[in-house]
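Work through the following exercises with the sequence and the structure beside you. Try each task before you read its solution.

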Amino acid sequence: MYLDKIYNILEKRNNNTSQSNLESNETGTGTEREESVWNGVFEYYPNQTLYLFIDFKHNGEDTYEAVHKALEPFRSKGWLTYYNETSNTTYDGPLTVIGTGETPLNKVLEEKLQRDIFYDAPLNNLNETFNAHHNKVSIMASASIKKVMTCNQGISRVATNRGLDDRQLICVLKAINKAHELGLMSRLWDTPDWPLAKEKAVWSQLLALGTDYLNADDIYLASFYDWPEMYRNTVAGAVPLCT
């Protein structure tokens, strides 16, 4: 439902670009991939990768093998963002796959030369154990807003249409800053979706706190909402919307 359609888009948008990642996969150096050229799925932002979050629900290791195999057509074209431990470098591609939910961390760590399924780091628990792996397995840290905003035993729900209270704001800012210290982008999900005044207030607060991606079920509202001037480039330009 997803991969076939994404592949067809990329194939149409890259029929005149060079694909040269095969030798880099064999040598493990990434030198060839570094010179490759690609167009992403966004017509007006061709250099923007598409982040595809795959939610592993159960049987993580078996699911991982199936997902890894399903991504081979993209891998052979050089269309996947990947990390190479030998060169300690991440090479960008038009599709960046992030495993969330019950993604098996051990399977992600096993991939050395081309790690192209990344681990969705726990934004609410970026502890010392995870710190040892963060720069090798993750590029994004995510959590539900409820888990993040209770760090000071604050109330766990957004009480008013004005959005997060001071204690909750401190918790969210602390989590976002921690992710940035580790070189990770941040994403908060399960934000309020009703009433609209509360939804918009929380979105604005999260952007003001520096979150990298706005998780929004209502893509139309997020795209066309009359954002304050300081956020317009962030919302419309960088396409930081996840659903």
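**Exercise 1.** Which residues point one way from strand 7, and which point the other way?

*Solution.* Keep in mind from the start that this is a predicted model. Begin with the two sides of the strand: Met140, Ser142 and Ser144 point one way, while Ala141 and Ala143 point the other way. Next, look at how well these side chains are covered, and note that all of them are buried, a word that stands for under 20% relative accessible area. Since 5 of the 5 residues of strand 7 (residues 140-144) are buried, the strand is largely enclosed by the rest of the structure.

**Exercise 2.** Find which strands pair with strand 7, and name a residue pair for each.

*Solution.* Take strand 6 (residues 121-122) to begin with, which pairs with strand 7 in the parallel sense over 2 bridges. Within this pairing, Pro122 stands opposite Ser142. Then turn to strand 8, which runs parallel to strand 7 and is joined to it by 5 bridges; here Ala143 of strand 7 has Leu188 opposite it.

**Exercise 3.** Describe how strand 1 is covered, and which strand it is joined to.

*Solution.* Count the buried residues: in strand 1 (residues 50-56) they make up 5 of the 7, so this strand is largely enclosed by the rest of the structure. Now follow the bridges, 7 of which join strand 1 to strand 4 (residues 95-101), with the two strands running parallel. One of the pairs to look for is Phe56 with its bridge partner in strand 4, Gly101.

**Exercise 4.** How many salt bridges does a search of the whole structure find, and how do the residues in some of them differ in exposure?

*Solution.* Recall the general idea that side chains of opposite charge can pair when their charged atoms come close. The search of the whole structure finds 9 salt bridges, and three of them can be examined in turn.

1. Asp55 and Lys57 meet through their side chains at 3.0 Å, N to O. Asp55 counts as partly exposed because its relative accessibility is 40%, whereas Lys57, with a relative accessible area of 61%, is exposed, the cut-off for that word being over 50%.
2. Arg75 and Asp116 form a salt bridge at 2.7 Å, N to O. Arg75 belongs to helix 4 (residues 72-77) and Asp116 to the loop between helix 5 (105-110) and strand 5 (117-119), so this pair ties together parts that are 41 residues apart in sequence. Both Arg75 and Asp116 are buried.
3. Arg167 and Asp165 meet in a salt bridge of 4.0 Å, N to O. Arg167 is partly exposed, at a relative accessible area of 41%, and Asp165 also counts as partly exposed, at 23% relative accessibility.

To finish, notice that salt bridges can share partners, as they do where Glu65, Lys107 and Glu110 are joined into one network.

**Exercise 5.** Locate a cis peptide bond and two residues other than glycine that have a positive phi.

*Solution.* The background to this task is that most residues other than glycine have a negative phi, and most peptide bonds are trans. The bond from Trp194 to Pro195 is cis, with omega near -5°, and Pro195 is placed in the loop between strand 8 and helix 10. For the phi angles, start with Asn88, whose phi is near 55° and whose place is in the loop between strand 2 (82-84) and strand 3 (89-91). Then go to Asp190, which has a positive phi of about 60° although it is not a glycine.

**Exercise 6.** Where is Asp190 found, is it buried or exposed, and which surface patch does it help to form?

*Solution.* First place the residue: Asp190 is in the loop between strand 8 (185-189) and helix 10 (196-209). Second, judge its cover: Asp190 counts as exposed because its relative accessibility is 53%. Third, look at its partners in the patch, where Asp190, Asp193, Asp217 and Asp218 form a negative surface patch.

Conventions:
Residues numbered from 1 in each chain as written. Predicted model: local features only at pLDDT ≥ 70, side-chain atom pairs only at ≥ 80, totals over all residues. Heavy atoms only, no water. Patch = residues over 30% accessible without salt bridge, like charges linked within 9 Å, V, L, I, M, F, W, Y side chains within 5 Å. Areas by Shrake-Rupley, 256 points an atom, 1.4 Å probe, with all protein chains shown as cover. Lys, Arg positive; Asp, Glu negative; His and termini not counted. Charge placed at Lys NZ, Arg CZ, Asp CG, Glu CD. Helix = DSSP H or I, 4+ residues; strand = E, 2+ residues; numbered from the N terminus. Buried < 20%, exposed > 50% of the residue type's maximum accessible area, 1.4 Å probe, protein only. Pairing = 2+ DSSP bridges.
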